[in-house]
Every structure is written in structure tokens, then in C-alpha cells.
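The following paragraphs lead the reader through one structure, beginning with its ligand and ending with its largest pocket.

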Amino acid sequence: MSIIFNEQDKSFTLTNGRIQYVMQLFLEGYLGHIYFGKALKSFNIKRAFYQTEREGAPNPAKHADARIFSLDVLPQEYSVYGSGDFRIPALEATLANGTTTLDLRYHSHEIFSGKKDLANLPSSYANNDDATTLEITMREVAGDLEVVLSYTIFNDVDVITRHARIKNLGQDPIALRKAASLTLDFPTDEMDRISLWGKHAFERNIERTPLNHGIEIAASSRGATSHQHQNFLALCDRTTTEFTGDVWGCSLVWSGNFEAATEVNSFGNTRMVMGINGFDFKWMLNHDETFTTPEAVLVFSTDGLNGMSQNYHRFVQDHIVRGVHKNAVRPVLVNSWEAAYMNFTEDSIVKFAKDAVKLGAELIVLDDGWFGVRDKDNCSLGDWTILNQKKLPNGIKGLCDRIHDLGAKFGLWVEPEMVSPDSELFRAHPDWAIGVPNHERYQQRCQYVLDLSRQDVRDYIVESICQVLASADIDYVKWDMNRNLTDIGSFAYGKEQQQEIATRFVFGVYDIMKRITEAFPNMLFESCAGGGRRFDMGILCYMPQTWTSDNTDEVCRQKIQYGTSLIFPPITMGCHVSACPNHQVGRSTPMLSRFICAMSGSFGYEMDLGKLPEAEQAEVAQHIALYKELRNTIQFGNFYRLMSPFEGTQNETAWQFVSKDGNEVILMYFRNLCQPQGNIRKLRLVGLDENATYEVTHHMYNQSLACNALDYLCNYKLEGDTFSGDELMHFGVNMDKVDRDFAAYLISFKRK
Ligand code: DGJ
């Protein structure tokens, strides 16, 4: 791993032996982007940027006669507005004199081992042997603005992280109107663009389209990452597949408004700009103040989308997630939400827990409805320390102790960022909710958002949540967030800073998350935001897992988990089996299929297991035992997508896990609607040792509805059979013939 500055050709090269990133200084210090891709054995940089005259492309005065150098065609590292580049800028500012033209030039650079934390923001971490950082300082020609571009390359994973720090060197305030994390220019427009779109209960659907001329944007202005768009983009060659071809991914360590834009210009070049959304953004930068952008995580892989995801998964596990739970096995969880909603008592939860523990559950979570007078979702948020005597006469401690007595851990739901209009907190402090003067606030789920830009509000929340969490021996917290931000303003800030509030809110979220999680280092935190509204690397820096979606239907979950896996490893995804008919879509699917889908992440149940018929309870006990047996491989192994629910028949999904040491392999396959005389699906496995022999340890699939005794395939089991690695990878393995809807299959193998 190295970062080198070549004095002769003024180039910077970052490489870890597998990937390489090259930049070059041109003329009076313009910083050009030259290459990001596979590590090269040698590089003749002379013609890497081919300069030619382009009609309509402005030239710097000193080079006006030659007419071949223009920022409008130079691939750049951090694009600005006003000095000849008409493509998307990363930085827009109103300078002290009211003008908006920016012109950045190289000033100096520094190379050091390791990487530094980002001010106010969560960021990835690495020790000095695992990463090297280059920081290039650029100055605006008029002298008042400095931009430090920071690049870190990692040893163990094919990732480069980037962020920018913008400083006001002048005496008078400067208004930043956009401060993206990066510009990344590509010398081609022959690429596909992959983004993740969604909605509540249907997050992170994969959309792959050819790039078009002009600007395309995926964005959020909702105050959080959003159900609608993920703060992620990938560009890939048109021929790139799941396992082959070049792909460039970019994802943000950020949980607020963002913009992920691509622009294809008329000369066959593509620009990507990603960072905080410039829409409704302004940040006043006073003398000597610095604004730090969120970190962007860039991945390059020659091994297709799976190669990209493998790098993201490793990066999230090794450089984002931290704390005692990072490498700890995640417990089998049973959550009360869909079982009881807000209708429970201490005794009913203890009964619910007893029934679950009997079947093998390890962690019982009491969801919403335990505080204040909350029997409906229209009140009491914020009143965390007001005990609901009716439901919990012995407080959280009374319930927690009884759950512990059953031999299980205990978890609790909270939603610290919110306040109900009908709450003691709001009645006492109406100015603590985000809002603007002379406007009635808009509500969502009958709630307002607390103004976390304010220190007094943050202190109150930290204090009251810590008081609750310290009141019993709580093992787990589900941290929810159930609305978008509207009427954004703060009663604590002046008019010049009102457009900072959406950003300051996110800084405030990070501040309270940091303080609360650090106060309880042994507690397992799972984030949630109406399901997957805020599944991002920013939150994962504080909480190692996220409730993937409020939708627990097995068929929908195949897509949701498949799309999520583009960036996030299975261990970070909360995945639960719920009751049928499913509460979100009304579908009924077999228990085994729900289990195989949910066991592909941090597994649990979202239902009252005691209400199941005895035979199904026995099935659940078997499933929990099997998950416990296989969870090391699922939680810490490598994940491979084999068949996409978004492509092909769109009726099948397959994925596979291989343990870190390669000794265990788990194959899962789902076929949703049954077809008459359906094809037998043969699946070819990946990531195995061709020379090894694998023995089947578990073979599970649904029974055919019309299982006929003459059909020799009926109840046919592979357990104990052996296959060679090359057979599994090159010939494959046939799935069973099952004549029913919503069939699912699991085959696990052990290397002999
Ligand atoms: C939304 C979450 O996603 C659900 O799982 C549940 O916790 C409810 N909020 C509770 O209000």
C-alpha cells in the first residue's frame, strides 16, 4: 500500500496493489482526475488526459491562445462553479463580496499513515498499518477559501474513502450553498448506473439503467437517508455481471439529506457528484471556521457486483462497525410489536417471553407503548421517564428482572428524536420541536421532530434516555425514528442559520447516539427508522445492526434483503419471521420459507410464538436450533448472490454463504409462484475449493402439496451425500421439485 507524489509529472498515485487511483496537477495547479481502477504494472501518464480544443469550453487567460485546456473538459477531483466548468459542481459558495465564482488551485499536500476522525461526524477507522492518507490542500485564487481533499486507501479491502474540509481564511462570513463529499469523473459514457429506490416497507430495490446524457439525481430532502433513495450509486461497464466486469461504487457515511448525481456531457465523459444535498442547504462559515463533509466510501472491483459487495461487507464489518458486538454472535430475538402492538401488560409480556424462550429465543424485546399514556401512536413520545403504571406496575426493572429469570436477555424500544404534541415534554417546551414561526407544524404519525440542533434539547434527551436505560439491566435497545422532517427551522438560531438546521439535526443525532451508546458500551443497539429509512454507514458507526424493513413478508423480503446486500453485510440486517397472513401484504407463506429468508441475517421473530399450534412450535424450535448451529457462517462468513429477484424469471432468488475458513457452505433458494411442469432449477455454487469434498449436513425444502407416494423424489433428502467442490461450482446442484407456491430450500455443506 503506498501513496506517491511524482515531482516530475506532478501526479499522485494511491495503490494497495489491487486498486489504483491517480491524480495530476495541470498548469497553475488545477487538480485533474486521471484514473481509478485496477492496479497497473506501469502507467505512461503523458496522454492520460488528451487535451484538444472544444468549442464553447472556456480557457484560463494565460492559455487562451492555445485553447486546449478547459475546466469544462478536464476530469476533476472537486468541481466548482464559475471558472469554466459547466458540469455539476461539488462546491458552491457565496463569498463575502456577494459573488459566487470559485477557482481552486493546488497549495500543498501531506501524506501520513492511518486516518483521522472527522469533526462532528462518524467515519471509518483504521490503524496505521491498515491505511494511508493523502490530503491535498487547494486554495481559492482570491485567497479566502481553503479546501482540503482527503483520500485514504486501505490495505485489506479495495476501498478509498474521501471527504473535504472547507475553511474560511478571510475575515468576513462565507455562505456555503453546496459542499459535496466528492467529484468523480470517468472518461466514458458507456456505463450503466445502479441505484436503490424504494418506499416504506419496500426498501432498496435495484434499478440498473444505461447512463443518459444530462443529469440524473437520486436524492433525499427528508432529513434522513430515506426509504425512497439510498445514499449509494454504482457505475459499471455495460457488460458487467454479478461476478465479472468493472464496477465503481460510492456510498456515504451520512444519515441526512443527500444528493447522488451523475452527468454525461457531450464529449463522452461522465461525472459523479455525491454528498449532502445542496437543495435548501446553506452553511455560514465565519473567519477560521471549517465545514467537514461526510465521508464517501468508494469501491472498485473487477469482479462484478458481487466483488463490489464483498468489499463493502468487509469494510462495514472491519472499518465501520465498532464496539463489543462487532465480532459477537447476535442473539435470536423475539419482538413484541406485531404480536401485541401497544396492547400488553407485564404479565402478558412475561407469558410471551416464556413461550419464546421455551423454543430457544435468547432476547425478548418490548417494543413501542411502554411509557407515558401511550396506548395509541398519537401521544407521549418524549415522556420517557413517565412510567405507565397500568402496563408496567413494577417499572422496566420489574419486567426486565422477570425476563432475566427466564434465562433470556431483555430489550426495549425507544424513539429519542421525537416528541408527541400530546406529551408533557411538548407542553413544557413547545419551542423544542423543529418548526418555523407563524406556521402550524405538519405532523406525521401524530408526531414532531425534536430540534437536535440545540444543546439543551440534546442534553435533556441524553439524560432522560440514560435514566431509563440505567433503571434496569437492559441488554438491547431498538432505536426508532418514524417521520421525515418538515417545516425545518429552529427557534434557537438566527435567520442566517435557518438553512443549517437540517444538517445540524443530523450532527445532533450523531451527538446523542454517541453519548448514549458510549454510556452503555455493552448494550446491543439496533437502529430502525420506520424499518429501513436510515440504513446507512453513518448510523452503523454507532449501532451494529438495523431493522431492514417493516415488511416481513417472505416474498417482499427476498428483494429487500437482496437489494440491501449490495452494500450491507447480512449481520447488519435485522430479519424476522412474522405471523401469517402477513400484516403488511396479507400473504400467507410456509413457516419454513419465512425461516429460510429471515435466517439470512440477524434472525428473530415478530410474533407470539405461544399462539402457534403445537406442531408449528416444534418446527420453530427446530429452526431456532438450526440457526444457532449455522449462524457463525451467516453472520461472519462471505455472502454471494446467485439469482436476482429483479431479473430473469423474477420468480426466483438464490444466495449463498461461505464461512470465513471455507469449511461451511449454506445455499438458499426461493421459488415464489409454482408453475405447471416447472423447470428443475440447477444452481452453481461459488467461492468453494475445487479440490475439496463437501458433505451435505442439512437439506430442507417444503413438501409438495400433492405429494404422491409413487414419486420417488418425495421427502428425498441429501443429508450425508458428498459432492466435490468442482462439481458444485461447475455442474451445480439440482433443486427439488416442489409443487406449491412460496417454496424455499436450504442445503448446507461441510468441507470434509
Ligand atoms: C416502526 C418500526 O419500524 C416498527 O418495527 C415498530 O417498532 C414501530 N415503529 C413502533 O412504533
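**The ligand and the largest pocket**

In this predicted model, a polar atom in the side chain of Trp 413 lies 3.1 Å from an oxygen atom of the ligand. The protein covers 97% of the 290 Å² of accessible area that the ligand has on its own. A further polar contact involves Asp 368, whose side chain places an N or O atom 2.7 Å from an oxygen atom of the ligand. Asn 482 faces another kind of atom: one of its polar side-chain atoms is 3.4 Å from a nitrogen atom of the ligand.

These residues may now be set within their surroundings. The ligand is surrounded by 13 residues, of which Asp 367, Asp 368, Lys 478, Asp 480 and Asp 550 are the closest. By class, this shell consists of six charged, four nonpolar and three polar residues.

Attention may next turn to the largest pocket. The space in this pocket amounts to about 700 Å³. It is lined by 30 residues, and those closest to its centre are Tyr 510, Lys 514, Glu 518, Cys 541 and Tyr 542. The lining comprises 16 nonpolar residues, together with seven polar and seven charged ones. Helix H7, which spans residues 501-519, gives the most to this lining, contributing eight residues.

Where does the largest pocket lie with respect to domain 1 and domain 2? Residues of the lining come from both domain 1 (2-320) and domain 2 (321-542), and the largest pocket therefore lies between them.

Notes. Residues numbered from 1 in each chain as written. Predicted model: local features only at pLDDT ≥ 70, side-chain atom pairs only at ≥ 80, totals over all residues. Heavy atoms only, no water. Near = heavy atom within 4 Å. Polar contact = N/O pair within 3.5 Å; in protein donor to acceptor, adjacent residues only side chain to side chain. Areas by Shrake-Rupley, 256 points an atom, 1.4 Å probe, with all protein chains shown as cover. Nonpolar A, V, L, I, M, F, W, Y, C, P; charged D, E, K, R; others polar. 1 Å grid on protein atoms, 1.4 Å probe; cavity = no way out; pocket = protein on both sides within 12 Å on 5 of 7 lines; lining within 4 Å. Points joined across faces, edges and corners; volume = space filled by probe spheres on them. Helix = DSSP H or I, 4+ residues; strand = E, 2+ residues; numbered from the N terminus. Domains from an automatic or database assignment.
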